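Open the model in your viewer and keep the sequence panel in sight. This tour tells you what to select at each stop and what to look for there.

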Amino acid sequence: MSIAQHPSKEAQPDNYLTHGKGFMSWAFTLDHKRIGLLYMAFVLSAFAFGGTFAVLLRTSLLTPNHWMIADDTKAKLFYNNMFSLHGAVMVFMFIIPAVPAILGNFVLPMMLGAKDVAFPRLNLMSLWIYAIGACFFGWVLFGGILRTLFDIHLPFGWGLDTGWTFYTPFSTSKAEDGMVAGVLGAFVLGFSSILTGVNFITSIHTLRPRGMTWFRMPLFLWALYATSIIQILATPVLAITLLLLVAERLLHVGIFDSSLGGDPVLFQHFFWFYSHPAVYIMILPGMGVISEVISSHSRKHIFGYNFIALSSVALALLGFLVWGHHLFVAGQSNVADSIFSLLTFSVAIPSAVKVFNWLSTLYRGSIRFTPAMLFAMGFILLFTIGGLTGLFLGALQTDVPLHDTYFVIAHFHYVMVGSMVFAFLAGMYHWFPKMFGKMTNPFWGRVGAIMLFIGFNVTFFPQFVMGAHGSPRRWATYPAEFQVYHDISTVGAYIMAISLITVLINWLAALKWGKPAPANPWGANTLEWRTPSPPPHDNFPTPPIADDPYDMSKWEFDPSIEGWVIRQTEAPHPPDDRTLSVPH
Amino acid sequence: MNAMLNMLADVGGSFWMPPQASEIAGEVDWLFFFIFWICVFFFLLILVLLVAFAWKYRYREGQPMLDAPKHNTAAELTWTFIPTVIVIVIFFYGFKGYLHMVVPPPNAFEVDVTAHMWDYTFSYPYPNDQISDDNKLHIPVNQPVVFVLTSTDVLHGFYIPVFRIKKDVVPGRYNKIWATATMTGEFDLFCTQYCGQDHSSMRRKVVVQSAADFNKWVNGLGGGGLKGPARGHYLWATRGCSTCHSVDGSATGKAPTWKDVYGSEVVTMKDGTMTADEDYLHDVISHPNIHPLPGFQPLMPPTEGLINDADISDIILYLKSISKYYHPALPAAGGPSTQPSTVPAK
């Protein structure tokens with residue numbers, strides 16, 4: 001423990017960043033921490049790629065009839081390619097892998113007090129499958145933009161104009177040629193997701209350290225566990241569905257196209273059987289991050305551990321039963337609509353439980369307004385709005401006018417961006433010192449968090465109103481009456497872009513000029529904080545013993561290192577029976 | 001701020017909702033605002049608690065840690081139970097209203113809506129099985145109308161915001177939705193399911209008329225007393241042909257103009273040069289895209305059920321009337337002609 005207590009007083013020891021040099025030591029690393037960083041490079045590039053086109057897309061919506069390109073056909077094809085690119089890149093390459101692949105890979109083995117994940121080679125394989133899939137898919141999508149705009153024909157650069165949902169029969173009969181390539185890209189990315197899930201589940205089952213019972217596991221691990229279950233069970237369904245799409249498109253086997261004897265609505269069932277659970281693949285890890293951040297930065301034991309842990313599992317299971325709400329107006333039977341509506345509402349309950357538990361964690365805490373905490377508080381508010389507006393869409397009668405309008409766009413961006421991206425950034429600020437051994441400048445971190453919160457609401461709140469007034473989604477042009485909402489929204493998108501750049505600069509500045517980070521800058525009690533920042537190659541000099549992950553009482557602040565150390569008067573790991581969770 | 005709110009509300013109706021123009025709209029809006037106020041209450045509750053806790057329990061130098069419970073089963077069960085009750089109530093109202101919304105009454109007037117890329121055909125099986133002649137959806141006020149929806153190509157949507165009704169238009173199926181309009185006037189009809197390049201242009205109008213006006217309009221459909229070329233022109237305007245084909249020689253970029261097409265030499269992609277005579281025109285109208293042309297996407301929707309052989313004959317007569325290659329001689333006045341009349345070659 002001496003290393004954990006006085007990292008800055010030791011001579012600079014070897015850490016995972018300096019352990020092994022050169023390209024090969026990174027490209028073929030089996031170290032989960034390096035794999036996490038490599039994922040970060042790829043995933044953040046995808047985020048920047050999808051984000052750039054989000055800004056372009058909003059810019060083209062400044063006026064009712066596209067103003068950037070004179071030719072009507074070209075402008076519409078450009079828009080259709082752009083929104084497909086934005087959706088596909090953000091969903092398949094950013095939101096799904098962001099928290100599990102970056103933060104999960106980096107943190108999970110250390111939270112388990114382990115040297116690595118259960119299958120390090122599989123982990124490396126999933127990274128490169130992701131990288132190949134993402135580059136190929138990104139190329140296809142970007143090629144489509146070049147083709148529509150400048151008539152440049154890149155090899156494989158066919159473009160995709162189906163949206164990320166690939167709805168039939170448009171995708172199998174009319175869409176651009178990139179459909180098959182795009183589907184293959186998504187197919188490949190799915191394997192990366194499955195392999196990560198397998199790895200995490202095995203790691204959590206087999207690598208838990210002494211003292212860590214299931215109900216003494218950090219909540220981030222519960223969230224990743226629930227996420228991994230969905231990844232393993234749902235992703236293969238997507239893979240099969242995508243193969244069926246290719247079979248129909250290339251071999252004209254009638255599966256979904258009614259002119260070949262298929263059923264277009266069947267595709268929607270298959271697609272959402274994956275893609276609704278995928279919503280929980282996206283949000284559950286974020287919820288896990290928030291549990292860690294809220295507890296650590298208010299220096300308070302998480303409130304209602306069991307309810308939070310079990311609500312993650314409940315969300316993972318219930319998430320499989322609600323896909324039909326995407327088909328409320330597609331023409332499925334009224335009986336199916338009613339059952340899916342009722343099941344959809346069941347998801348509201350574990351979500352509400354989590355929010356109230358996080359709020360209660362703040363109660364009588366000692367709250368630090370670190371950037372991580374501000375992002376987490378932003379998460380709570382935005383997730384609340386995102387969740388509550390889901391009530392309008394779960395209720396059958398109000399869903400009918402709102403379905404496929406901007407109301408839905410606003411709702412899922414509140415969940416996917418307002419919640420997931422805020423949780424991801426909260427987690428990044430929380431674990432940044434551990435990853436790089438540098439502290440970020442808290443002032444600019446706070447500026448980024450507050451600006452992003454404002455920009456986000458300016459962008460997406462008007463879309464609720466616009467949608468309620470009847471503006472459908474995926475429109476390249478629109479009637480003049482909707483312009484005011486679009487314009488406010490576009491200004492918001494610019495504010496968001498500036499905030500995210502602020503955050504990025506804040507990180508880069510920390511890498512260069514940041515103060516060295518202590519082993520435990522926040523005084524959290526999960527195991528990753530008991531090793532130096534950045535950690536050595538093998539994570540822990542001696543395997544740590546786990547106790548209640550949220551009992552922070554034994555840590556005290558040491559101003560000389562600006563970090564937290566275990567109080568000397570106590571045994572390093574006091575067995576504390578009061579912290580054992582008692583099942584209700 | 002007020003000016004801003006007024007500007008936002010400029011699209012009619014309230015800040016949140018467009019005007020109500022159907023019987024069901026009031027019911028939908030009631031549920032919308034019922035849920036809305038529940039949301040406002042819970043959002044404010046969470047906001048106030050978050051801000052209050054964040055402020056009250058902010059870290060201050062030298063402040064000792066406060067004692068607080070790690071869990072409280074009673075509180076946790078309460079905030080599991082209360083949302084459960086609320087969502088069941090919301091489900092119930094949503095379900096009840098939905099059944100009202102989707103089950104058409106047996107005496108509803110039927111309009112058949114056929115969607116294709118990127119237009120709708122509104123046909124009226126009663127009284128004369130005819131198609132709307134101005135590409136707008138006409139319906140009578142204060143009478144239940146059921147819309148029977150199908151598509152000839154890809155998924156489309158059928159959404160009338162002021163009626164608060166929406167249904168996907170799916171190829172190979174007949175979806176139904178109904179409404180009773182309560183207000184005469186012209187309203188928006190939007191396609192809500194992404195359907196390719198011109199999805200955002202797939203916007204049409206719903207015209208709600210008094211019973212008398214509507215009856216007059218619907219009984220006059222079908223070109224009534226029109227004959228020959230005049231009826232051909234009427235069909236051009238009412239069967240969707242006018243969306244892509246011009247008749248004045250202007251280029252639409254989507255399909256060739258009809259001006260001077262009859263009798264011309266057409267360069268096709270598969271079959272070389274063909275003369276646009278009666279047989280050729282019959283084939284390309286009854287079997288769209290049978291002879292793809294360079295410079296145009298083969299996007300013409302199927303015409304089966306929309307145009308019959310008698311219609312095609314009238315359209316060909318119309319095409320002749322606007323072609324410079326057609327010079328018919330009239331029968332000579334005053335007696336039988338001694339020479340056969342010939343159509344001069346071009």
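**Stop 1: a helix with a bend**

Select residues 219-251 of chain A. This is helix 8, with 33 residues. From its first C-alpha to its last, helix 8 reaches 47 Å, close to the 48 Å expected at 1.5 Å a residue. Keep in mind that you are looking at a predicted model.

Now select Ala234(A). Here helix 8 of chain A bends by about 30 degrees. Add Pro236(A) to your selection: this proline follows the bend within four residues.

Move on to His252(A), which comes after helix 8 of chain A. The phi of His252(A) is positive, near 55 degrees.

**Stop 2: helices packed in chain A**

A general point helps here. Two packed helices are described by the angle between their axes and the distance between the axes.

Select residues 371-394 and 406-436 of chain A, which are helix 12 and helix 14. Their axes lie 8 Å apart, and they pack at an angle of about 160 degrees. Angles over 145 degrees count as roughly antiparallel, so helix 12 and helix 14 of chain A are roughly antiparallel to each other. Their crossing is left-handed. Which classes of residue form this contact between helix 12 and helix 14 of chain A? Colour by class to see 17 nonpolar, eight polar and no charged residues.

Keep helix 14 of chain A on screen and add helix 9, residues 264-297 of chain A. The axes of helix 9 and helix 14 come within 8 Å and cross at roughly 45 degrees. That makes helix 9 of chain A oblique to helix 14 of chain A. This crossing, too, is left-handed.

**Stop 3: across to chain B**

Return to helix 12 of chain A and add helix 2 of chain B, residues 25-56. How do these two helices cross? Their axes come within 9 Å, at an angle of roughly 170 degrees. Helix 12 of chain A and helix 2 of chain B are therefore roughly antiparallel to each other. Helix 12 of chain A passes helix 2 of chain B in a right-handed crossing.

Stay in chain B and colour its domains. Domain 1 covers 2-58 + 73-102, domain 2 covers 109-219 and domain 3 covers 228-321. The C-alpha centres of domain 1 and domain 3 of chain B lie 53 Å apart.

**Stop 4: backbone details in loops**

Still in chain B, select Tyr126(B) and Pro127(B). The peptide bond from Tyr126(B) to Pro127(B) is cis, with omega near 0 degrees. Pro127(B) sits in the loop between strand 2 (119-124) and strand 3 (130-131) of chain B.

Go back to chain A and select Ser533(A) and Pro534(A). A cis peptide bond joins them, with omega about -10 degrees. Pro534(A) is in the loop between helix 16 (483-513) and strand 1 (555-558) of chain A.

Finish at Phe166(A). This residue is not a glycine, although its phi is positive, about 50 degrees. Phe166(A) lies in the loop between helix 5 (120-150) and helix 6 (170-174) of chain A.

Terms used: Residues numbered from 1 in each chain as written. Chains lettered and ligands numbered in written order. Predicted model: local features only at pLDDT ≥ 70, side-chain atom pairs only at ≥ 80, totals over all residues. Expected span 1.5 Å × (residues − 1). Bend = angle between axes of the 7 residues up to and from the residue. Domains from an automatic or database assignment. Axes fitted to C-alpha atoms, helices over the stretch in contact; angles between N-to-C directions. Parallel < 35°, antiparallel > 145°, perpendicular 65-115°, else oblique. Left-handed = near helix turned anticlockwise from the far one by under 90°. Nonpolar A, V, L, I, M, F, W, Y, C, P; charged D, E, K, R; others polar.
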